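Have your viewer open and a selection tool to hand. We will walk through the model stop by stop, and at each one you will know what to select.

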Amino acid sequence: MKTACSALRPAQFSFTWFTALTAGALGHAQETVRDLERPGENYKHLTMNTVDRWRFTGAADEVIRFDVSSSDFDPVIALVKVVEGDRDEVVLADVDDDGSRSHALVRLASAGRYAILVHGPGERGGGNYRLYVERLKSVPMPDVAGMCEGRLDDAGMAHVRFLARKGETVVPHGAGIVEFIDPKGRSRPGWEGCHDIELDGEHYVRVHGAPDAGFRVGVERARLRDLGSDGERADSLAAHGIDEWRFEGRPDEFRRIVLRGERIAMRVIPRDTATGLDERAPL
């Protein structure tokens, strides 16, 4: 019924950069200014109580996926658009995820000069960090029940975007799917190709294959069913389909569930947890 996904390991690229100390857009912090010329990862050192500003020219509808990690300080990231000289227009305010890594993803509304800002909480702190940046083009899924067709780019890649709401379960399907990306830019694991939606917003399916090859990708959404009291239920699944049968349970209650069908998988899990389908132990 579903197929497990494995995350694509992005290629590594280099950066060219230069530094200059200026009055920062975040308060009065000093800045180290760098030019971001190519996507990929870079290891740098953030001077204590300084903001690193990574500048680039972005295109309308371009997707910027970036994250920063550090073992020396709590990394915070933001994205701004540079307007009228040194003035900044906040595109994405400070993102400070739990732990030592922060993730972000933004689809740019317009072309222009942009900057990724890296700093510590309150513009304080410093140390070594790793900044990873991807610059993606994407195509929209025509509708919830449709299929997206197109051709892979020169790198053999395509990204299909679609809207989903928290609490839904979706099943991307099609040849060459290698990654499922949430609205924060995180690569999300799934159970047998099924993914829990944890955030409202645009999600992305990454497809990989031979350059200029055709692709066809769809996204199915789980049909919700009420299992109710004891008794039999009969139904059928379309290809790539998923049914979610819900029922209430109490501590120490015993429930025996039997599934009869060909080439169909089943998992019984607690539903009221924040972790993904693959992280929940079956009951």
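The tour below goes from a sheet to salt bridges and then to a cavity.

Keep in mind along the way that this is a predicted model.

**Stop one: an open sheet.** Select β12, β18, β14 and β16, and show them as a cartoon. These four strands form an open sheet in just that order, β12-β18-β14-β16, with antiparallel pairing. At its edges lie β12 (147-151) and β16 (195-196), each of which pairs on one side only. Now narrow the selection to β12 and β18 (residues 214-221): five bridges join the two in the antiparallel sense. For a single contact to look at, pick Arg151, whose bridge partner in β18 is Gly214.

**Stop two: a buried pair.** Switch on the side chains of Glu179 and Arg206, which meet in a salt bridge at 3.0 Å, N to O. The pair links distant parts of the chain, with Glu179 in strand β15 (residues 177-181) and Arg206 in strand β17 (residues 201-208), 27 residues apart. Are these two residues buried or exposed? Both Glu179 and Arg206 are buried.

**Stop three: Asp235 and two arginines.** Select Asp235 together with Arg223 and Arg225. Arg223 forms a salt bridge with Asp235, and their closest N and O atoms are 3.6 Å apart. Here Arg223 belongs to strand β19 (residues 223-226), while Asp235 sits in the loop between β19 and β20 (243-246), twelve residues apart. Asp235 also meets the side chain of Arg225 in a salt bridge, at 3.2 Å, N to O. Arg225 is in strand β19 as well, ten residues apart from Asp235 in the loop.

Try colouring this trio by accessibility. Arg223 has a relative accessibility of 33%, so it counts as partly exposed. Asp235, at 46%, is partly exposed, and Arg225 is partly exposed with a relative accessible area of 24%.

**Stop four: a network.** Next, select Glu41, Asp67, Arg101 and Arg130, which a network of salt bridges links together. Across the whole structure, a search finds 29 salt bridges.

**Last stop: a cavity.** How many cavities of 30 Å³ or more does the structure hold? There are two of them. Head for the second largest cavity, with a volume of about 50 Å³. To display its lining, select Phe180, Asp182, Pro183, Arg188, Asp196, Ile197, Glu198, Leu199 and His203. Coloured by residue type, this lining divides into four nonpolar, one polar and four charged residues.

Technical notes: Residues are numbered from 1 along each chain as its sequence is written. This is a predicted model: local features need pLDDT of at least 70, side-chain atom pairs count only at pLDDT 80 or more; totals for chains, interfaces and linings use all residues. Side-chain values use heavy atoms; hydrogens and water are left out. On a 1 Å grid over the protein atoms alone, a cavity is a set of points where a 1.4 Å probe fits but cannot get out, and a pocket is an open set with protein on both sides within 12 Å along at least five of seven lines; lining residues have an atom within 4 Å of a point. Grid points are joined across faces, edges and corners, and a volume is the space filled by probe spheres set on the points. Ala, Val, Leu, Ile, Met, Phe, Trp, Tyr, Cys and Pro count as nonpolar, Asp, Glu, Lys and Arg as charged, and the others, Gly among them, as polar. Two strands pair if DSSP finds at least two bridges between them. A salt bridge is a side-chain nitrogen of Lys or Arg within 4 Å of a carboxyl oxygen of Asp or Glu. Buried means under 20% relative accessible area, exposed over 50%, partly exposed in between (1.4 Å probe, protein chains only).
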